[in-house]
Amino acid sequence: MPAKATRDAFGEALAKLGDRYPELVALDADLSKSTRSETFAKKFPQRFFEMGIAEMNMIGTAAGLALAGKIPFACSFACFVTGRFDQIRISVAYSNANVRIVGSHAGIAVGDDGYSQQGLEDVSLMRSLPNMAVIQPADDLETEGAVEYLCRHRGPAYLRTTRQKLERVNPEGYRFEFGKIVELLPGGADAVIFATGGEVMFAMQAAAQLAKDGLSVGVANVHTIKPLDVPAVLRLAEAAGAVVTAEDHQVIGGLGSAVAEVLAEAGIGKRLLRIGLKDTFGESGTTEELLARYKLDGQGIAEQAFEFLRA
Amino acid sequence: MATALSTSSAPGAEVARLQEIAGRLRLDIIEMLHQAGSGHPGGSLSAIDIVTCLFFSRMRHDPRRPTWPERDRFVLSKGHAVPALYAAMAQAGYFPREELKTLRRLGSRLQGHPVASALPGIEACTGSLGQGLSVAQGMALASKLDGGKFHVYCMVGDGECQEGQIWEAAMSAPKFQLDNLTLFLDYNKGQIDGPVPQVMDLEPLADKWRAFRWNVIEAPGHDFQALLAAHDEARATRGRPTVIIAHTVKGKGVSFMEHQIAWHGMAPNKEQTQKALAELTRGANGKGA
């Protein structure tokens, strides 16, 4: 199966689901070609609203559509859409509107465009809002399942997709289960890596590499960051020697923080390594260069985990 | 409809009826704010006549069925004026009038700013200014998708028009030809830090909305006949949304509150409340205001 960007899988899924869910509508803020909401727009032009470069208004409009019974997917780059935090906070989350906020171009892997286009704080922002679910699929199958689920989900949700292609990590016939961690690679006597989105395939690569160094490392795919699958986090953490998190996002407020909170509250005294952007901005470069520089590719995760486990 | 009352009654009688209702609602606003000990009388009193026109004459709604899909929507974007909305809703029968006393109290459905999930009949959470017009636009789009079964009303404040999001929505609503969206702009010319022209002038305000391709109507905001006429002209307009710029008086109906910025966000004490109620009662009996 060729690698596929989750934004592509998103656009295709939305267009496919439009027939089955007549209330499904989409909005974009002049980035429909990039977020791939265009795929839906071409098939359902009457149910697509081009809002221009005005994300605040797009979010509010999506809230109104939802409050009147529609299922709107409001799309833009992760950084821009979640940057309109107050609109999401009041018009969407507080109103408990069935809005799906879709942030594409997640993380540093966006590449050449540089930090201003890289969503690196979006999960942190969305996770802090009551009512808001946060989903980040790891491959095309999971994206399709997540989008289908979001047509049925009650309440607001944030979906984070990637610009870069991702190798498939789930088996054919995979069924997305909201709020459930997927144990992709069991084991983990030495460590378990909780990874999300584009980092899941890299975590798998890292685990394979660490195995060559004699380390037993498991991988858990956290596609639903909120609500977090707390029982699974605790169970896997208990069974592992140490805990690693991996995300293409700031370690402050993202998956790393979510896992740390759960471990600390449960009193599980396991060491924790949070892999991600360490309180720093992104920059320009190719996707590969940036993932290498910030140690977010398979090699980078393996190196950091190896150092951590050896210490 | 339970409260969409006959519009065929003689204009004079209709105006007198609405005046009488608005007078009672003003009493409720003052009492409610006094009980609460905080809140916003100025903008509630400037808005109440418009709210009265909608809830007791022109809006198609049914307080017994607050989730009726075909009801007209009213989004109070200037959420701090919610005492005006609560007073109208209680009078219309959405909830017991007794509950007005719970405004701003712990556990009350009558939150300090409107909360959709708390109280049936509140259409959206507002209170962070600038957001309600976009929400109303989304509802109007949904109505259009479903064959145009309901109309959407929104009210914004004048100071609120300093928010950039208002102008994003101003740009988009004509694009979508939302003739099922009517905006009331409560132009009471005062905001917390002072008179609107001093804080951040909006003029030429009507020209701005015209430039954004809205149908613009200016009306005296406490003249029921003019408000009803403006409303009906808005509803008859096709192909674009209407903004009714209602020239209002902050604190309207209570002499010592009128035009006084200090009454933007301050509740009356016992003595002030008695004075206000006495004035309003005289007004309601046709001897003043």
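1. Let's start with where the two domains of chain A meet in this predicted model. Here 28 residues of domain 1 of chain A are in contact with 31 residues of domain 2 of chain A. On the domain 1 side, α7 (122-127), β6 (133-135) and α8 (140-150) of chain A each supply at least two residues. By class, that side has 14 nonpolar, eight polar and six charged residues.

2. For orientation along the sequence, domain 1 of chain A covers 4-166 and domain 2 covers 182-310. Taken over C-alpha atoms, the centres of these two domains of chain A are 25 Å apart.

3. Next, the meeting of the two chains: 22 residues of chain B are in contact with 23 residues of chain A. On the chain B side, α4 (132-145) and α5 (164-175) each supply at least two residues, and α4(B) gives the most, with nine. The residues on this side of chain B divide into ten nonpolar, ten polar and two charged.

4. Within chain B, have a look at helix α1 (residues 11-36) and helix α2 (residues 41-58), which pack at an angle of about 140° with their axes 9 Å apart. Because angles over 145 degrees are needed for roughly antiparallel, α1(B) counts as oblique to α2(B). The crossing of α1(B) and α2(B) is right-handed.

5. Which residues make this helix contact? From α1(B) they include B:Leu18, B:Ile21, B:Leu25 and B:Ile29, and from α2(B) they include B:Leu45, B:Ile48, B:Thr52 and B:Phe56. By class, the contact of α1(B) with α2(B) has twelve nonpolar, three polar and three charged residues; B:Glu14, B:Arg26 and B:Asp49 are among the residues that take part.

Conventions
Residues are numbered from 1 along each chain as its sequence is written. Chains are lettered from A and ligands numbered from 1 in the order in which they are written. This is a predicted model: local features need pLDDT of at least 70, side-chain atom pairs count only at pLDDT 80 or more; totals for chains, interfaces and linings use all residues. Two residues are in contact if their C-beta atoms, placed from the backbone, lie within 7 Å. Helices (H or I, at least four residues) and strands (E, at least two) are DSSP runs, numbered from the N terminus. Ala, Val, Leu, Ile, Met, Phe, Trp, Tyr, Cys and Pro count as nonpolar, Asp, Glu, Lys and Arg as charged, and the others, Gly among them, as polar. Domain bounds come from an automatic or database domain assignment. Axes are lines fitted to C-alpha atoms, for helices over the stretch in contact, and angles run from 0 to 180 degrees between N-to-C directions. Angles under 35 degrees count as roughly parallel, over 145 as roughly antiparallel, 65 to 115 as roughly perpendicular and the rest as oblique. A crossing is left-handed if the near helix is turned anticlockwise from the far one by less than a right angle, and right-handed if clockwise.
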